[in-house]
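I opened a fresh page for a structure I had not looked at before. Here is what I looked up, in the order I looked.

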Amino acid sequence: MHEFALADAVARAALRAARDAGMSRVERVTVKIGELQDIRTDLFVFSLTEVLPGVDPALAGVVFDIVEEPVRFGCRACGAEFGREDAGDRSDPDAAEAIHLVPELSHAFLRCPQCGGPDFEILAGRGVTLERVEGTGGEED
Amino acid sequence: MDPRTAAVSERLSGVSRVAAVAGSKGGIGKSVVATTMALALAGRGRSVGLFDLDFTSPSAHVILGTRAGFPAEEFGIEPHEAAGIRVMSVAFLLGDSPAPLRGVDATNALLELLAITNWGDLDVLVLDMPPGLGDTSLDVIRLIPRLEFVLVGTSSRLVISSVERAAALLRELRVPVAGIVENMSRSGGDGVEALAGRHGFPFLGSVPFDPALEEAVGDVGRLREGAVFGAVDGVVARLGW
C-alpha cells in the first residue's frame with residue numbers, strides 16, 4: 001500500500017505548510033495527482049480521511065480536494081509532445097509497477113512515439129503535489 | 001509544493017547514522033567498498049541498510065548476488081533482506097532495463113525513494129553513491145539528516161586530483177567526513193593518506209587490489225573470506241561504528 005506513504009507525505013507537508021502560514025486549523029487541502037504515477041485514488045483518499053486522522057488529530061475533518069492531471073511528455077531529441085497512451089502500452093505489469101513507485105523509471109520503459117528515444121521530459125502529470133492549504137488564520141499555495 | 005521532502009526525515013527517523021561512500025571518479029571501487037562495509041558492519045552485529053544511489057548503473061545487488069524482485073509494499077516499500085543487510089536499489093524495480101536519467105530525474109527518483117522506503121531502525125545506512133559531485137551528491141547533502149561521507153580514492157594521480165576536489169567541497173559545505181579510504185592499493189597509501197592529512201580527515205586505511213575479487217562478486221561467503229573484506233573490516237573498526 002504505497003498510496004499510504006504518499007498520503008502520509010501529503011498530510012505532513014500540509015500540516016507543516018499550515019503551521020508556517022500561522023494557521024490554527026486546517027480545513028481544506030487541494031492535492032494534484034498526476035496520471036503517470038497511476039495512484040489508486042480511492043486508497044489515497046481513504047488514507048487521508050480515515051487512517052491518518054487517527055495518527056494525527058489535526059487532520060480530522062479536513063476536506064481533501066483531488067485534482068487529476070493528465071501526463072504530458074516532451075521529447076528533448078525531436079521536440080514531439082505526447083501523452084501516456086502514445087508512449088507505450090500499459091500491459092506490462094512490471095513496467096507499470098516500477099513507474100507507479102518511481103515515475104522517472106518511465107525512461108526505462110516508455111519511448112517517444114515520433115523518434116523512439118528515451119530522452120523525454122515529464123512536462124505535467126508526474127505524481128502527487130500539494131496545491132493549496134486553507135484553514136483558519138491563513139491560506140497557503 | 002512537493003510533499004515528499006516533508007516525509008524524508010520521518011522515514012529516516014530510526015536511522016542513527018548515514019554514511020555516503022563516495023569518490024569523484026568512476027571505476028575506483030566505491031560500490032565494493034560500500035557493500036563490504038555494510039557486510040562488515042552487519043558482521044559486527046550492527047543493524048545495517050544499503051541504498052544503491054547509482055540509479056543509472058546500480059551494482060550493489062550484483063556484488064551481493066541478489067536478484068530480488070519488487071519490494072513489498074506495506075505503508076511504503078520494504079527494502080529486501082540480503083546477507084543480513086536491508087537493501088534498496090532501483091535494480092529491484094528495473095530488472096536489466098537501462099534507465100537513462102538526467103539530473104532532474106535522478107533528483108526526483110531519489111526523493112521518491114527516500115519518501116516511501118521504510119528503513120526502520122538502523123545503526124548505519126550506507127549509501128553507495130554514483131561517481132562525481134553532481135545532482136545526487138548535492139541532493140543527499142540537502143535532504144539527508146545525520147549524514148557523513150566516507151571518501152574513496154586510489155593512488156592514481158588522476159583519482160587523487162579528483163578526490164581532492166571532493167574533499168575541498170565537503171569542507172567548504174561543512175559536511176562531516178568520517179575519513180578517506182585508499183582502494184585498489186598495490187603499494188601502500190601514501191598519496192591518499194597525504195590527501196587525508198591535507199584536509200584534516202582521518203585516513204581509514206588501504207584496501208588491497210585483489211585479483212580474486214572478481215570471482216567472489218555475487219558470492220557473499222567468498223567475499224567475506226577475501227582480502228578486501230578483511231581490509232574493509234579494519235576500516236570499520238577504525239571508524240568505531
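The entries below go from one chain to the contact between chains, and then to some helices.

**Entry 1: the model itself**
I noted at the start that this is a predicted model.

**Entry 2: chain A as a whole**
I began with the elements of chain A and found 4 helices and 7 strands. Reading from the N terminus, I wrote their order down as α-β-α-β-β-β-α-α-β-β-β. Next I looked up the extent of the chain: along the principal axes, the C-alpha atoms of chain A fill a box of roughly 55 × 30 × 15 Å. I also checked burial, and 41% of the 141 residues in chain A are buried. Then I turned to contacts in chain A with a separation of 6 or more, and 78% of them join residues 24 or more positions apart.

**Entry 3: where the chains touch**
How many residues does the contact take from each chain? I found 29 residues from chain B and 26 residues from chain A. On the side of chain B that touches chain A, three helices each supply at least two residues: α1 (4-11), α4 (91-94) and α5 (103-116). The largest share there comes from α5(B), with 7 residues. I sorted this side of chain B by class as well, and got 18 nonpolar, 4 polar and 7 charged residues.

**Entry 4: α2 and α11 of chain B**
I moved on to a pair of helices within chain B. Helix α2 (residues 30-43) and helix α11 (residues 227-239) of chain B pack with their axes 9 Å apart, at an angle of about 70°. That angle makes α2(B) roughly perpendicular to α11(B). The crossing of α2(B) past α11(B) is right-handed. Which residues meet here? From α2(B) I listed B:V32, B:V33, B:T36, B:M37, B:L39, B:A40 and B:L41, and from α11(B) their partners B:V228, B:F229, B:V232, B:D233, B:V235 and B:V236. By class, this contact has 11 nonpolar, 1 polar and 1 charged residues.

**Entry 5: α7 and α8 of chain B**
My second pair was helix α7 (residues 157-172) and helix α8 (residues 190-199) of chain B, which pack at an angle of about 20° with their axes 10 Å apart. Are they parallel or perpendicular to each other? With an angle under 35 degrees counting as roughly parallel, α7(B) and α8(B) are therefore roughly parallel. I noted a right-handed crossing for this pair. On the α7(B) side, the contact has B:I160, B:V163, B:E164, B:A167 and B:R171, which meet B:G191, B:V192, B:L195 and B:H199 in α8(B). Here the classes come to 5 nonpolar, 2 polar and 2 charged residues.

**Entry 6: the two sides of α8(B)**
I stayed with α8(B) to ask which of its residues are buried. I found B:V192, B:L195 and B:A196. Seen down the axis of α8(B), these buried residues fall within an arc of 100°, so they line one face of the helix. I jotted a reminder beside this: an α-helix has 3.6 residues a turn, so residues three or four places apart point the same way. What covers the buried residues of α8(B) includes β6 (147-153), α7, β7 (177-185) and β8 (203-208) of chain B. Turned away from the buried side is a face with the exposed residues B:D190, B:A194, B:G197 and B:R198. Last, I looked just past the end of α8(B), where B:G200 takes a positive phi of about 75°.

Conventions. Residues are numbered from 1 along each chain as its sequence is written. Chains are lettered from A and ligands numbered from 1 in the order in which they are written. This is a predicted model: local features need pLDDT of at least 70, side-chain atom pairs count only at pLDDT 80 or more; totals for chains, interfaces and linings use all residues. A residue is buried if 20 or more other C-beta atoms lie within 10 Å of its own, exposed if 12 or fewer, and partly exposed in between; C-beta atoms are placed from the backbone. Two residues are in contact if their C-beta atoms, placed from the backbone, lie within 7 Å. Axes are lines fitted to C-alpha atoms, for helices over the stretch in contact, and angles run from 0 to 180 degrees between N-to-C directions. Angles under 35 degrees count as roughly parallel, over 145 as roughly antiparallel, 65 to 115 as roughly perpendicular and the rest as oblique. A crossing is left-handed if the near helix is turned anticlockwise from the far one by less than a right angle, and right-handed if clockwise. Ala, Val, Leu, Ile, Met, Phe, Trp, Tyr, Cys and Pro count as nonpolar, Asp, Glu, Lys and Arg as charged, and the others, Gly among them, as polar. The arc is that of the directions from the helix axis to the C-beta atoms.
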